[in-house]
Amino acid sequence: MASMPENWTLPGVTDLNREWFESGALRVQTCADCAALQHPPEEICHRCGAMRFTSTELAPTGSIYSFTVVHYPVNKLLADSVPYAVVLVALDDHPDIRVLGNLFDIEMDDIRVGMPVHALWQERSDEFGTVHLPQWTPT
Ligand SMILES: [Zn+2]
């Protein structure tokens, strides 16, 4: 199983998601008014409607909430990457916060819902800057 291709398009970094993609940590958007955590970052707090935020760093551990194994390369750049696993991870610190990523270092048939995992960060750069993408590996 391979990682995403080196020339794969990186996420666009904005003021809203900058901490998520540049911190190299699981820094989750936190409402400055009601302290609710939410992910992915958005313009407005889902609990109270406020629009001011700070962030909270959560432990880089969780368990697989759901997953899929991709066998067909929908883009020719992915031809050398299949099969690969896409996992939705419920974080140990805050299970309502779920983070999407790839799962590495495991045979595809061994992936199970509930499996403990921890984050690792892939550093990628393009003409717009450098991002640190959270990915996952079994604990
Ligand atoms: Zn709020």
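Reader: What volume does the second largest pocket have?

Author: Its volume is about 210 Å³. Keep in mind that this is a predicted model. The second largest pocket is lined by 16 residues, and Asp 15, Leu 16, Glu 19, Gln 29 and Thr 54 sit closest to its centre. At least two lining residues come from each of H1, strand S1 (26–31) and strand S3 (53–58).

Reader: What makes up the lining of the second largest pocket, by class?

Author: A mix: 6 nonpolar, 5 polar and 5 charged residues.

Reader: And how much space lies in the largest pocket?

Author: About 510 Å³. Helix H1 (18–22), strand S5 (84–91), strand S6 (98–103) and strand S8 (129–138) are the elements giving two or more residues to its lining. S6 contributes the most, with 5 residues. The lining has 24 residues, and those nearest the centre are Met 4, Leu 100, Gly 101, Asn 102 and Gln 135. By class it splits into 16 nonpolar, 7 polar and 1 charged.

Reader: Gln 135 got a mention there. What does the side chain of Gln 122 do with the side chain of Gln 135?

Author: The two side chains make a polar contact at 2.9 Å. The cut-off for such a pair is 3.5 Å, so that distance falls within it. Gln 122 itself belongs to strand S7 (residues 116–126).

Reader: Why is Gln 122 called buried?

Author: Its relative accessible area is 13%. Buried means under 20%, so Gln 122 qualifies.

Reader: On to the metal. Which protein donors does the zinc ion have?

Author: Four SG atoms, from Cys 31, Cys 34, Cys 45 and Cys 48, lying 2.3 Å from the zinc ion. The donor cut-off here is 2.8 Å, so they count. Along the chain the donors are spaced as C-x2-C-x10-C-x2-C.

Reader: Why is the arrangement of donor atoms around the zinc ion called tetrahedral?

Author: Look at the angles: the 4 donor atoms subtend 104 to 113°. For four donors the label asks that all angles lie between 85 and 135 degrees, so tetrahedral it is.

Reader: What about accessibility: why does Cys 45 count as buried?

Author: Cys 45 has 4% relative accessibility, and the limit is under 20%, so it counts as buried. Cys 48 has a relative accessible area of 40%. That value lies between 20% and 50%, so Cys 48 goes down as partly exposed.

Reader: Now the backbone. What kind of peptide bond joins His 39 and Pro 40?

Author: A cis one, with omega about 0°. Pro 40 is in the loop between strand S2 (37–38) and S3. Val 82 and Pro 83 are also joined by a cis peptide bond, with omega about -10°. Pro 83 is in the loop between strand S4 (61–70) and S5.

Reader: What is the phi of Ala 35, which is not a glycine?

Author: Positive, at about 70°. Ala 35 belongs to the loop between S1 and S2. Its relative accessible area is 47%, which is not over 50%, so Ala 35 is partly exposed.

Reader: And why does Asp 105 count as exposed?

Author: Asp 105 has 60% relative accessibility, over the 50% mark, so it is exposed. Phi is positive for this non-glycine residue, near 65°. You'll find Asp 105 in the loop between S6 and S7.

Technical notes. Residues are numbered from 1 along each chain as its sequence is written. This is a predicted model: local features need pLDDT of at least 70, side-chain atom pairs count only at pLDDT 80 or more; totals for chains, interfaces and linings use all residues. Side-chain values use heavy atoms; hydrogens and water are left out. On a 1 Å grid over the protein atoms alone, a cavity is a set of points where a 1.4 Å probe fits but cannot get out, and a pocket is an open set with protein on both sides within 12 Å along at least five of seven lines; lining residues have an atom within 4 Å of a point. Grid points are joined across faces, edges and corners, and a volume is the space filled by probe spheres set on the points. Helices (H or I, at least four residues) and strands (E, at least two) are DSSP runs, numbered from the N terminus. Ala, Val, Leu, Ile, Met, Phe, Trp, Tyr, Cys and Pro count as nonpolar, Asp, Glu, Lys and Arg as charged, and the others, Gly among them, as polar. Donors are N, O and S atoms within 2.8 Å of the metal (3.2 Å for Na, K and Ca); water is not among the atoms, so sites may look incomplete. Four donors count as tetrahedral if all angles lie between 85 and 135 degrees; four count as square planar and six as octahedral if opposite donors are over 155 degrees apart and all others between 65 and 115; anything else is irregular. Buried means under 20% relative accessible area, exposed over 50%, partly exposed in between (1.4 Å probe, protein chains only). A polar contact is a pair of N or O atoms within 3.5 Å; within protein, one must be able to donate a hydrogen and the other to accept it, and residues adjacent in sequence count only if both atoms are side-chain atoms.
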